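Student: I would like a close look at a single part of this model, with its surroundings filled in as you go. Please pick one and take me through it in a connected way.

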Amino acid sequence: MDCWMNINPAPLENQKSEVDELISILLPIYNSQEILPECLDSILGQTYRNFEVVVVDDGSTDGTPALLTSYAKKDSRIKIFCFTENRGIVEALNYGLDQCRGNWIARMDADDIMMPERLAVQFAYMMKHPNIDLLGAQVRIFRGDKALTE
């Protein structure tokens, strides 16, 4: 599910800092080595570049930690936080939210793929509509290469 929210809804000053426009992408994961590369590649392919990826590994027991480490070595915007045991998605989300530095949060799951313009389009919309604090998006459901919805 795509979700977007402003965690600091107070009006921004005339001068915006880099943090004001920083989007924190919150990504809780668990045993996701098979699907995670496509997810991370779609995030790193965004046209909007001022983001961080806050990944909370919820105690994965497969190759997910090694995969995350290899991606983080290539891109310093990926921040990894690991639980030693599975605590569940709610705890992973709450912990991850505390680690986010941006005023804006975009939610992803390991089986999600971002369209390349997602962050740019949603950020522009939020800037144009400062009274909006939460924004959802349309999703396309697919299995393999076949779209199940349009």
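Tutor: What follows is a close look at strand β3 and the parts around it.

A word on ground rules, with pleasure: this is a predicted model, in which local features need pLDDT of at least 70 and side-chain atom pairs count only at pLDDT 80 or more, while totals for chains, interfaces and linings use all residues. Residues are numbered from 1 along each chain as its sequence is written, and side-chain values use heavy atoms, with hydrogens and water left out.

Let's start with the strand itself. β3 covers residues 51–58; helices (H or I, at least four residues) and strands (E, at least two) are DSSP runs, numbered from the N terminus. β3 is mostly covered, with eight of its eight residues buried, where buried means under 20% relative accessible area, exposed over 50%, and partly exposed in between (1.4 Å probe, protein chains only). Follow the side chains and you will find Phe51, Val53, Val55 and Asp57 pointing one way from β3. Glu52, Val54, Val56 and Asp58 point the other way, and the residues of both sets are buried.

Now for the strand's partners. β2, residues 23–29, pairs with β3 in the parallel sense over seven bridges; two strands pair if DSSP finds at least two bridges between them. If you want a place to look, take proline 28, whose bridge partner in β3 is valine 56. From β2 the chain crosses through α1 to β3, a β-α-β crossover that is right-handed: with the strands pointing away from the viewer, the path from the first strand over the helix to the second runs clockwise. β3 also pairs in the parallel sense with strand β4 (residues 78–83), over six bridges. Here you can pick out valine 53, whose bridge partner in β4 is isoleucine 78. The chain runs on from β3 through α2 to β4, and this β-α-β crossover is right-handed too.

One of the residues of β3 deserves a stop of its own. Glutamate 52 forms a salt bridge with arginine 101, the closest N and O atoms being 3.1 Å apart; a salt bridge is a side-chain nitrogen of Lys or Arg within 4 Å of a carboxyl oxygen of Asp or Glu. Arginine 101 sits in the loop between α3 (89–99) and β5 (104–107), 49 residues from glutamate 52, and the pair thereby links distant parts of the chain. Glutamate 52 counts as buried because its relative accessible area is 2%. By this rule there are four salt bridges. Among them is the one between aspartate 75 and arginine 77, with closest N and O atoms 2.7 Å apart. Its members are buried as well, aspartate 75 at a relative accessible area of 14% and arginine 77 at 16%. Arginine 107 and aspartate 109 form a salt bridge with closest N and O atoms 3.0 Å apart, and both of these residues are buried.

Next comes the nonpolar packing, in which β3 has a share. The largest nonpolar core has 26 residues, and those with the most contacts inside it are Ile23, Ile25, Leu27, Leu36 and Ile43. Such a core is a set of buried Ala, Val, Leu, Ile, Met, Phe, Trp, Tyr and Cys residues joined through side-chain atoms within 4.5 Å. β2, α1 (36–44), β3, α2 (64–74), β5 and α4 (118–128) each supply at least two of its residues. α1 gives the most to this core, with five residues. Leucine 36 shows the packing well: leaving aside neighbours within four places in sequence, leucine 36 is in contact (heavy atoms within 4.5 Å) with Leu27, Ile29, Thr64, Leu67, Leu68 and Ala110.

Finally, step back along the chain to the loop between α1 and β3, where tyrosine 48 lies. The structure holds four aromatic pairs, counting rings of Phe, Tyr and Trp (its six-membered ring) with centres within 6.5 Å; planes under 30 degrees apart count as stacked, over 60 as edge-to-face and the rest as tilted. Tyrosine 48 and phenylalanine 123 form a tilted one, at 5.0 Å centre to centre and 45° between the planes. Phenylalanine 123 is in helix α4, so the pair ties together parts that are 75 residues apart in sequence. Both tyrosine 48 and phenylalanine 123 are buried. Phenylalanine 123 also pairs edge-to-face with tryptophan 104, at 5.9 Å centre to centre and 85° between the planes. Tryptophan 104 belongs to strand β5, 19 residues from phenylalanine 123, and is buried at a relative accessible area of 2%. Taken together, Tyr48, Trp104 and Phe123 form one aromatic cluster.
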